[in-house]
Amino acid sequence: MKDYQFFDQYLNGHLPEAYKYFGAHKKVVNGEEGYLFTVYAPMAKEVSIIGDFNNWKPTLMEKVESRGLYQCFIEGAEEGQLYKIHILGCDGYYKDKEDPFAFKNQSREQTCSILVDLNKIKIDDEEFVKSRDRNFDKPVSIYEMHAGTFKRKEDGSQYSYSELADVLIPYLKEMKFTHVELMPITSYPNDKSWGYQCLGYYAIDSRWGDINDFAKLVEKLHKEGIGIILDFVPVHFAVDPFGLEKFDGSCVYEYANEHEFSQWGSKNFDLGKDPVRSFLIGSLYYFAEVYHVDGFRFDAISNVIYYDGNSNNGENVGAIEFVKRANGYMHALFPTVMMMAEDSSAYGHVTKGGFDEGLGFDYKWDLGWMNDTLKYYEKDPIYKKYIHNQITFSMAYFYSENFILPFSHDEVVHMKGSILNKMFGDYDTKFALVRNLYAYQFAHPGKKLNFMGNEIGSFDEWKEFEPISFSVLDYPKHQGLQRLIRDLNLIYENHSSMYVEEYNPKHFSWILADNGDQSVYAFKRESEEECVIFVFNMTSNFYWDYDLGVPYPGSYEEILNTDKAVYGGWNQYNGLPCLTYGNGIHNQKYKITFKLPSYGAVYLVYNKKQLIDSKKPSLGKNENNTATIL
């Protein structure tokens with residue numbers, strides 16, 4: 001008698017390694033090669049396999065377990081052949097479905113699954129995987145991108161995953177990004193969904209190659225020290241009839257009530273069902289184990305926490321349990337893989353607290369910070385003093401979660417305008433403000449994320465069919481902005497005060513938080529080695545000699561000024577170190593005076609070695625003109 005203990009675990013929502021048991025796997029049975037097919041269809045009246053291997057004439061699957069587990073072995077089935085699941089549903093209708101556990105599907109609206117041999121996937125990245133962690137005390141600067149529209153070949157065709165690596169990696173290294181985040185690459189039918197309405201949760205999307213292409217992309221990234229994060233969509237799936245919808249005539253994956261359809265017209269997963277939990281957690285496990293993915297960003301978590309994303313409908317307790325379980329399993333089985341939430345709700349403890357207290361994510365996108373910040377930078381400077389707290393407010397709640405600061409694809413679509421075009425003013429002012437904006441993003445505690453095109457000052461919104469227009473780099477202002485982003489990543493990487501224990505409030509404090517009349521902000525961030533002062537002038541006023549309180553005596557060196565000519569500014573920078581003098585101001589013991597340009601952002605670093613040196617005894621002369629210790 002065969003052992004189907006794994007099926008009990010699947011039905012109980014505790015089979016993270018589900019991909020090993022379900023789907024189509026190459027096997028040798030009784031000395032013959034072929035593929036073993038395993039399908040879960042609890043309410044089906046009959047399940048068959050059809051494909052190239054049987055001339056699309058149904059081969060009946062055996063119901064090997066009364067609760068809906070079907071299997072059959074097809075002798076002679078070969079890698080690359082097409083197949084589908086042929087089901088007589090409980091509703092009395094026949095339907096041909098993609099395999100929910102298929103490891104490859106046809107592209108777009110083509111409807112077949114494809115046989116692959118997972119044993120062929122080899123990724124040579126052992127050194128990288130051993131050395132990685134969840135980066136709480138390391139710089140994380142994420143380049144979010146869509147695989148099909150980063151760049152195109154000269155003939156206009158798209159790169160495969162492996163080819164993309166050869167174009168993408170040199171750029172990421174030059175720009176000093178630490179991670180790349182791909183918008184969903186699990187197979188999805190409609191280009192316009194950008195991957196956020198997918199069907200194949202175990203299938204690499206075939207638009208840009210096969211599983212080996214994707215494995216090669218991961219390997220090449222890891223060999224260059226760059227992590228890869230995947231977008232994961234646990235809320236809903238596409239309604240195409242060859243997918244998960246009414247899979248066996250019943251609601252295997254979706255709700256069977258008023259919550260069945262999402263606000264996007266797709267079907268909501270019923271995350272309270274244990275088999276659905278196994279199915280989705282298994283997808284995470286699969287990509288982490290087989291492809292060595294370094295992190296997952298969960299989409300639309302507010303729609304997980306609350307029914308239909310509306311807090312008035314109450315908490316979805318079953319869905320919340322799913323998230324806790326998913327994060328619990330991933331942290332236990334892959335303790336160096338990052339788990340991230342895109343969550344627009346005010347739900348507490350998304351990242352903080354233990355397993356029982358919180359949702360268990362490592363990081364949460366700070367969408368409140370993003371919204372407040374962009375609204376502030378859009379405003380005419382005359383009126384900024386009336387909304388001064390839109391910049392300071394984020395630090396009032398920052399330590400409640402482990403935040404990522406995102407300027408993602410969501411901000412540059414649907415007629416919202418590009419990041420550059422959101423800025424107030426004329427051409428020069430927009431560039432000055434966007435340089436200030438990115439300097440503020442990197443100065444603010446929290447990991448960083450930017451969507452492709454942000455770094456070159458794209459004037460166009462992103463479109464899913466058009467590559468990013470890198471031709472704007474023919475113009476100096478855009479070149480300057482790109483140089484600034486690279487330099488910000490370099491500064492971020494090389495200054496410990498900007499990432500070490502950044503979720504601990506003892507390392508941050510405001511110097512100027514209430515100067516609404518001038519719309520000037522200043523704060524400091526510290527580590528054991530250094531203190532960095534960050535100053536932001538949000539108006540066109542130019543200050544030749546701006547006075548600022550600082551905490552330590554000595555020399556403050558300007559390491560960034562967004563008005564430098566190399567960034568496209570007017571070169572109003574501080575060439576020499578700023579020295580403390582006189583009495584302190586702004587509740588600080590000391591004071592410096594420096595040049596603060598229009599719409600400028602300035603970083604000033606203080607090396608704490610000065611404090612040690614100042615306490616060392618020095619040699620002087622006594623009355624007999626001989627050396628003595630002073």
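Analyst: Before we start, a helix here is a DSSP run of H or I with at least four residues, and helices are numbered from the N terminus. Please also keep in mind that this is a predicted model.

User: Happy to. What comes just after helix 5?

Analyst: His292 follows that helix directly, and its phi is positive, about 60 degrees. Helix 5 itself covers residues 274–291, which is 18 residues.

User: How do you know that the span of helix 5 is close to the expected one?

Analyst: The expected span is 1.5 Å times one less than the number of residues. For helix 5 that expectation comes to 26 Å, and the computed distance from first to last C-alpha is 25 Å, so the two are close.

User: What makes helix 5 count as largely enclosed by the rest of the structure?

Analyst: A residue is buried when its relative accessible area is under 20%. In helix 5, 16 of the 18 residues are buried, so the helix is largely enclosed by its surroundings. Helix 5 also supplies at least two residues of the lining of the second largest cavity, as does strand 14 (227–232).

User: What can you tell me about the second largest cavity?

Analyst: About 80 Å³ of space lies in it. Its lining includes Ser283, Leu284 and Phe287, along with Leu230, Asp231 and Phe232. By class, that lining has nine nonpolar, two polar and one charged residues.

User: Why is a space like that called a cavity and not a pocket?

Analyst: The word cavity is used because a 1.4 Å probe fits inside but cannot get out, whereas a pocket is an open set of points. The structure holds four cavities of 30 Å³ or more. About 100 Å³ lies in the largest cavity, and its lining residues include Tyr255, His259, Phe269 and Asp308.

User: And how big is the largest pocket?

Analyst: Its volume is about 620 Å³. Two elements give two or more residues to its lining, helix 6 (302–305) and helix 8 (367–378). Helix 8 has the largest share, with three residues. In total 27 residues line the pocket, and Trp264, Asp299, Glu342, His409 and Asp410 lie nearest its centre.

User: What is the make-up of that pocket lining by class?

Analyst: There are eight nonpolar, eleven polar and eight charged residues.

User: Let's turn to cysteines. How do you know whether Cys72 is bonded or unbonded?

Analyst: A disulfide needs two cysteine sulfur atoms within 2.5 Å. The closest cysteine sulfur to that of Cys72 is in Cys112, at 16 Å, so it is too far for a bond. The structure holds zero disulfides.

User: Is Cys90 buried, partly exposed or exposed, and why?

Analyst: Partly exposed covers values between 20% and 50%. Cys90 has 30% relative accessibility, so it counts as partly exposed. Cys72, by contrast, is at 8% and therefore counts as buried. The sulfur of Cys90 is 8.8 Å from its closest cysteine sulfur, in Cys251, which is again too far for a bond.

User: Finally, what makes strand 5 and strand 6 a pair?

Analyst: Strands pair if DSSP finds at least two bridges between them. Strand 5 (residues 62–65) and strand 6 (residues 69–75) have three, so they count as paired, and the sense is antiparallel. Lys63 has Tyr70 in strand 6 as its bridge partner. The two strands form a hairpin with three residues between them, and Gly68 in the turn has a positive phi of about 115 degrees.

Conventions
Residues are numbered from 1 along each chain as its sequence is written. This is a predicted model: local features need pLDDT of at least 70, side-chain atom pairs count only at pLDDT 80 or more; totals for chains, interfaces and linings use all residues. Side-chain values use heavy atoms; hydrogens and water are left out. Buried means under 20% relative accessible area, exposed over 50%, partly exposed in between (1.4 Å probe, protein chains only). On a 1 Å grid over the protein atoms alone, a cavity is a set of points where a 1.4 Å probe fits but cannot get out, and a pocket is an open set with protein on both sides within 12 Å along at least five of seven lines; lining residues have an atom within 4 Å of a point. Grid points are joined across faces, edges and corners, and a volume is the space filled by probe spheres set on the points. Ala, Val, Leu, Ile, Met, Phe, Trp, Tyr, Cys and Pro count as nonpolar, Asp, Glu, Lys and Arg as charged, and the others, Gly among them, as polar.
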